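Open the model in your viewer and switch to the cartoon view. The stops below tell you what to select next and what is there.

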Amino acid sequence: MSKLRVITGHNRTGLFSVATVLLENLILNQGDFQYKVELGAEYLYFDTTKGLNVWEYFFKQPMNFSERRENQEIEYGFLFDRIGLLDVANRSTSYFDAVLKAAEIFRNQLNFAEGVESVLSASKTQLGLSDKYIAVHKRETDYELHANSIPSSDVFFREIENQLGDEDIFLATDSTKAYWDFKMRYGKRLKSLKVDRSSDSTGLHFKNYKPGFNWINGLNALKDAYVLSQGASLYRTRSNLTTFSLILNPDIRCIEMDQNIVIA
């Protein structure tokens with residue numbers, strides 16, 4: 001009888017951190033375990049207006065999960081067999097190999113909860129992006145907890161403008177300052193979702209929202225990851241969010257903006 005592993009996450013763990021942990025465990029799983037994700041009232045995006053399991057707001061449970069059977073051995077935890085294949089600090093080819101495997105697993109064994117993908121697609125349409133657009137992810141705030149420096153907006157501008165034609169630019173960022181740096185540079189051609197951003201170095205994970213808004217902030221993060229994944233090129237800082245963007249579209253041209261930055 002296979003054992004059931006229940007991934008519970010941590011109070012302030014990001015949604016994509018949980019997703020990459022689950023996907024890595026599914027990559028490494030040799031059929032000995034079933035997996036389920038339970039993110040309850042202690043979790044970052046929990047919202048009583050939406051349901052009791054945050055994971056199921058956005059994603060399906062793994063296909064190999066079935067309701068617990070009598071006498072089935074069950075474990076609760078977070079990391080389990082994780083060895084860091086999809087970790088942001090993994091600079092080896094094993095990271096990109098794992099992205100390809102995770103993309104297949106996500107399509108065939110997980111996928112979005114019912115109705116979520118249509119919401120993501122609609123959010124992209126509403127932005128009015130050009131057919132081919134440049135996708136940019138500039139992580140700041142909590143990034144300084146993991147990296148020894150943060151690439152400036154000017155570093156992004158130089159790299160983007162080496163290839164930039166008349167495409168629109170989609171920006172996902174947690175920083176109000178970064179947003180306005182890009183807005184002043186690119187004007188109307190810059191597109192971005194209307195989401196909360198930090199005005200200082202405090203990560204958005206540390207904000208508390210009123211009931212009814214918690215799950216929307218998780219959905220907004222998912223929208224950012226989705227729209228990033230649909231661009232012609234992705235200029236990114238390493239994060240679980242952009243790892244998920246690659247999992248959604250592993251064929252996207254990806255330019256690492258923090259290639260030479262040490263990430264712990």
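Two strands count as paired if DSSP finds at least two bridges between them. With that in hand, select Leu4, whose bridge partner in β3 is Ile74. The model is a predicted one.

**Overview**

Colour the chain by secondary structure. There are eight helices and eight strands. The chain has 264 residues, and 53% of them are buried. Among contacts between residues at least 6 apart in sequence, 72% join residues at least 24 apart.

**Stop 1: the sheet of three strands**

Select β1, β2 and β3. They form an open sheet in the order β2-β1-β3, and the pairing is parallel. Strands β2 (33-37) and β3 (74-77) are at the edges with a single partner strand each, so one side of each has no neighbour in the sheet. From one strand to the next, the twist averages 25 degrees.

Strands of a sheet pair through backbone hydrogen bonds, and the pairing can be parallel or antiparallel.

Now look at the two pairings separately. Strand β1 (residues 3-7) is joined to β3 by four bridges, and these strands run parallel. On the other side of the order, β1 is joined to β2 by five bridges, again running parallel. To see one position in the pairing of β1 with β2, select Arg5, which stands opposite Tyr35 in β2. Follow the chain from β1 through α1 to β2: this β-α-β crossover is right-handed.

Next select helix α1 (residues 15-28). Helix α1 lies across β1 and β2, and runs at about 170 degrees to β2.

Stay on β2 and show its side chains. In a regular strand, side chains alternate between the two faces of the sheet. Which residues of β2 lie on one side, and which on the other? Phe33, Tyr35 and Val37 are on one side, Gln34 and Lys36 are on the other, and all are buried. Five of the five residues of β2 are buried, so this strand is largely enclosed by the rest of the structure.

**Stop 2: two helices that cross**

Select helix α3 (residues 93-109) together with helix α8 (residues 240-248). Their axes come within 8 Å and cross at roughly 60 degrees. The crossing of α3 past α8 is right-handed. To display the contact, show Tyr95, Phe96, Val99, Ala102, Ala103 and Phe106 of α3, then Thr243, Phe244, Leu246, Ile247 and Leu248 of α8. How many residues of the contact of α3 with α8 are nonpolar, polar and charged? Ten are nonpolar, one is polar and none is charged.

**Stop 3: the sheet of five strands**

Select β4 to β8. Five strands form an open sheet here, in the order β6-β5-β4-β7-β8, with parallel pairing. At the edges are β6 (190-191) and β8 (253-256), each with a single partner strand, so one side of each is left without a neighbour in the sheet.

Go to the pairing of strand β4 (residues 133-138) with strand β7 (residues 233-236), which run parallel and are joined by four bridges. In this pairing, Ala135 stands opposite Leu234 of β7. Now add helix α7 (residues 214-229), which packs on the sheet and touches β4, β5 and β7. The direction of α7 makes about 145 degrees with that of β5. Add helix α6 (residues 176-186) as well: α6 lies across β4, β5 (168-173) and β6, running at about 170 degrees to β5.

Show the side chains of β7. Ser233 and Tyr235 point one way, Leu234 and Arg236 point the other way, and all are buried. The pairing of β7 with β8 is parallel and covers four bridges. Here Tyr235 stands opposite Ile255 in β8. Trace the chain from β7 through α8 to β8 to see another β-α-β crossover, which is right-handed. Helix α8 was also part of the crossing with α3 at the previous stop.

**Stop 4: one residue in a loop**

Finish by selecting Arg139. This residue lies in the loop between β4 and α5 (153-161). Is Arg139 buried or exposed? The cut-off for buried is under 20% relative accessible area. Arg139 has 12% relative accessibility and therefore counts as buried.

Then add Arg238 to the selection. Arg139 and Arg238 are 99 residues apart in sequence, and 8.0 Å apart in space from C-alpha to C-alpha.

Definitions and conventions:
Residues are numbered from 1 along each chain as its sequence is written. This is a predicted model: local features need pLDDT of at least 70, side-chain atom pairs count only at pLDDT 80 or more; totals for chains, interfaces and linings use all residues. Side-chain values use heavy atoms; hydrogens and water are left out. Helices (H or I, at least four residues) and strands (E, at least two) are DSSP runs, numbered from the N terminus. Axes are lines fitted to C-alpha atoms, for helices over the stretch in contact, and angles run from 0 to 180 degrees between N-to-C directions. Contact means heavy atoms within 4.5 Å. Buried means under 20% relative accessible area, exposed over 50%, partly exposed in between (1.4 Å probe, protein chains only). A crossover is right-handed if, with the strands pointing away from the viewer, the path from the first strand over the helix to the second runs clockwise. A crossing is left-handed if the near helix is turned anticlockwise from the far one by less than a right angle, and right-handed if clockwise. Ala, Val, Leu, Ile, Met, Phe, Trp, Tyr, Cys and Pro count as nonpolar, Asp, Glu, Lys and Arg as charged, and the others, Gly among them, as polar.
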